[in-house]
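The following exercises concern the packing of aromatic and nonpolar residues in a protein model. Each task is followed by a solution in steps.

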Amino acid sequence: GKDTLTGKPVNMVEEIAKKPKYQKTGDTDFDAYSMEYYKRYEKEIKPQLLKHAKQAFDEPGKVRVIDVDMSGSYKRGTPNPESDLDVKVYYEGTKPVDEFRDQMETLSDNIYGIHDIHFQKVETKSQLTDIWNKANKK
């Protein structure tokens with residue numbers, strides 16, 4: 001698929017593999033909060049967001065949520081005290097990205113709360129399906 005903001009081709013595997021290099025802000029409390037978010041993201045936050053995304057958006061025959069990943073300033077490693085929490089929802093199916101704008105555009109986890117959603121339509125290759133299923137069970 002193409003990135004909904006830039007129009008450039010998207011490689012979901014490469015995007016998710018990129019790990020942010022956090023840049024401290026100088027605000028001790030915020031830096032501690034951000035570092036804790038990064039530490040807990042893969043094992044605690046991401047699984048909750050993925051579960052909630054599947055419950056909210058999976059539609060048999062139309063939409064299958066593949067994965068989620070942090071997005072925005074947190075993904076770039078440049079959050080600041082005014083930054084919101086963003087999550088990119090990768091999905092495959094026949095539903096155009098524009099149709100999601102009428103639905104709920106936030107997901108919540110039990111630790112950090114509300115995350116703004118950015119949808120990204122992708123086309124998965126059948127040989128990658130098993131790899132992704134195994135990776136998401138970790």
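**Exercise 1.** Determine whether Phe 57 and Phe 119 are buried or exposed, and classify the geometry of their rings.

*Solution.* The model is a predicted one. Step 1: Phe 57 and Phe 119 are both buried. Step 2: their ring centres lie 5.0 Å apart and their planes meet at 90°. Planes over 60 degrees apart count as edge-to-face, and the Phe 57–Phe 119 pair is accordingly edge-to-face. Step 3: the two residues are 62 positions apart, with Phe 57 in helix α2 and Phe 119 in strand β4, so the pair links distant parts of the chain.

**Exercise 2.** Classify the ring pair formed by Tyr 37 and Tyr 41, and state how the two residues are placed in helix α2.

*Solution.* Step 1: the ring centres of Tyr 37 and Tyr 41 are 5.8 Å apart, and the angle between the planes is 50°. Step 2: stacked requires under 30 degrees and edge-to-face over 60, so at 50° the pair is tilted. Step 3: Tyr 37 and Tyr 41 are about one helical turn apart, because four residues separate them in α2. Step 4: Tyr 37 and Tyr 41 are both buried. They also belong to one aromatic cluster, whose other members include Phe 30, Tyr 74 and Tyr 112.

**Exercise 3.** Describe the largest nonpolar core and identify which element gives the most to it.

*Solution.* Step 1: this core has 25 residues, and those with the most contacts inside it include Tyr 37, Phe 57, Val 89, Leu 107 and Phe 119. Step 2: at least two core residues come from each of α2 (28–57), β1 (63–71), β2 (86–93) and β4 (113–121). Step 3: with nine residues, α2 gives the most. Step 4: a second, separate core comprises six residues, among them Val 10, Ile 16, Ile 66 and Val 122.

**Exercise 4.** Establish how β2 is joined to β1 and to β4, and how far β2 is covered.

*Solution.* Step 1: β1 and β2 run antiparallel and are joined by eight bridges; one of the bridge partnerships is that of Val 63 with Gly 93 in β2. Step 2: β2 and β4 run parallel, with six bridges between them. Here Val 89 has Phe 119 in β4 as its bridge partner. Step 3: β2 is mostly covered, as six of its eight residues are buried.

**Exercise 5.** List residues touched by Leu 107, leaving out those up to four places away in sequence.

*Solution.* The residues touched by Leu 107 include Leu 49, His 52, Ala 53 and Phe 57. Further contacts of Leu 107 include Val 87, Val 89, Ile 114 and Ile 117.

Methods
Residues numbered from 1 in each chain as written. Predicted model: local features only at pLDDT ≥ 70, side-chain atom pairs only at ≥ 80, totals over all residues. Heavy atoms only, no water. Core = buried A, V, L, I, M, F, W, Y, C linked by side-chain atoms within 4.5 Å. Buried < 20%, exposed > 50% of the residue type's maximum accessible area, 1.4 Å probe, protein only. Contact = heavy atoms within 4.5 Å. Phe/Tyr/Trp six-rings, centres within 6.5 Å; stacked < 30°, edge-to-face > 60°. Pairing = 2+ DSSP bridges.
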